[in-house]
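Student: Hi! I have a new structure to look at and would like to talk through its aromatic rings. Can you help me get started?
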Amino acid sequence: MSEKKIIAVVGATGSQGGGLVKAILADPDGDYAVRALTRDTTSPRAQELVKLGAEVVQADNYDASSLERAFAGAYGAFLVTNFWAHMSAAKELEEATNLANAAKSAGLQHVIWSTLEDTRDHIPVTDDRMPTLQEAYKVPHFDAKAEADELFRAAGVPTTFLRTTFYWENLANGWGATRDADGVLTLTLPMGESRLAGIAVEDIGRTAYGILKAGPGSYAGRTVHIAGEHLTGEQIAAGLSRAVGEPVVYRPLTHDAYRDLGFPGADEAGNMLQYYTEFEDYFTGVRDLAEVRKLNPALQTFDQWLAANGHTIPTA
């Protein structure tokens, strides 16, 4: 048997990277081996990956030399940044610059870059229908990733641009239903009657694995838009109702009201949800679920995700 090709996975102990690590390790007869990158190789999550059979190495997106060492000898890589760790577009671009340069230096043959749309293609910075944030962006965690796409093109790295979307897991982590003054579970996403493109986070990793298996000859230079299902707020609330065993009522806020909720990043989240709402036809239209399912036959619907994860939905 030929030697397995090493895939360096950034964020291997996190959501997206962790999903790819699991997908590769779940296919022991496949062509790939995992090199899991993490800032702390001694953490419980990192040590669990060691037990599962991954090579775990220390690297930090802000330390270019650590990335170069981690990518050395690898065939390819999955690259992701975490905007919510700092909520700074400038920091995200700094990370992406280091990742692109390290991928070029290592001569990687196939990179998957986890990215998003540039919302300014639809809502220019001068458009006052939503506030401009960090001086140059409408939805910084979208727009900065989209800007970073060009870093990989300029570096000449064979890259697949994987455009992701809203995680169903968010509904269990602060974005889900809360009880109103009368004790009724209420979903207040400001989506009106528009559909939200959502996905189970592990399906991002599984789909990335499908892209790797197809190879750079099929996917280098391409943009792949993914989602698991497109659902209205009413449909999401109905699914949550079935999962938690009591009614969840959908009462959408306005986007301005959502931005005014005051939690860290409320303006960013409000702008994102306004973008989803106003450009539903574009955003769901480019995410062809049948095409995603070809790459990831196990792609989950919302109800399938709820069947396995409904117990994580808070009801207190």
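Tutor: Happy to! One definition before we begin: helices here are DSSP runs of at least four residues, numbered from the N terminus. Also, keep in mind that this is a predicted model.

Student: Got it. So how far apart are Phe-302 and Trp-305 in helix α13?
Tutor: They are 3 residues apart in that helix, which spans residues 302–309, so about one helical turn separates them.

Student: And how are the rings of Phe-302 and Trp-305 arranged, and why is the pair called that?
Tutor: They are stacked, because their planes are at 10° and anything under 30 degrees counts as stacked. The ring centres lie 6.2 Å apart.

Student: Is Phe-302 buried or exposed? What about Trp-305?
Tutor: Phe-302 is buried, with a relative accessible area of 1%. Trp-305 is buried too, also at 1%.

Student: How many aromatic pairs does the structure hold?
Tutor: There are 14. One of them joins Phe-142 and Tyr-276 edge-to-face, with 6.0 Å from centre to centre and 70° between the planes.

Student: Where do Phe-142 and Tyr-276 sit in the chain?
Tutor: In distant parts: Phe-142 belongs to helix α5 (residues 140–155) and Tyr-276 to helix α10 (residues 266–278), 134 residues apart. Both residues are buried. They also belong to one aromatic cluster with Tyr-275, Phe-279 and Phe-283.

Student: New topic: charges. Which ring does the charged end of Arg-153 sit over?
Tutor: The ring of Phe-161, at 4.5 Å from its centre. Likewise, Lys-91 has its charged end over the ring of Tyr-62, 5.8 Å from the centre.

How values were computed:
Residues are numbered from 1 along each chain as its sequence is written. This is a predicted model: local features need pLDDT of at least 70, side-chain atom pairs count only at pLDDT 80 or more; totals for chains, interfaces and linings use all residues. Side-chain values use heavy atoms; hydrogens and water are left out. Rings of Phe, Tyr and Trp (its six-membered ring) pair if their centres lie within 6.5 Å; planes under 30 degrees apart count as stacked, over 60 as edge-to-face and the rest as tilted. Helices (H or I, at least four residues) and strands (E, at least two) are DSSP runs, numbered from the N terminus. Buried means under 20% relative accessible area, exposed over 50%, partly exposed in between (1.4 Å probe, protein chains only). A charge sits over a ring if NZ of Lys or CZ of Arg is within 6 Å of the ring centre and within 35 degrees of the ring normal.
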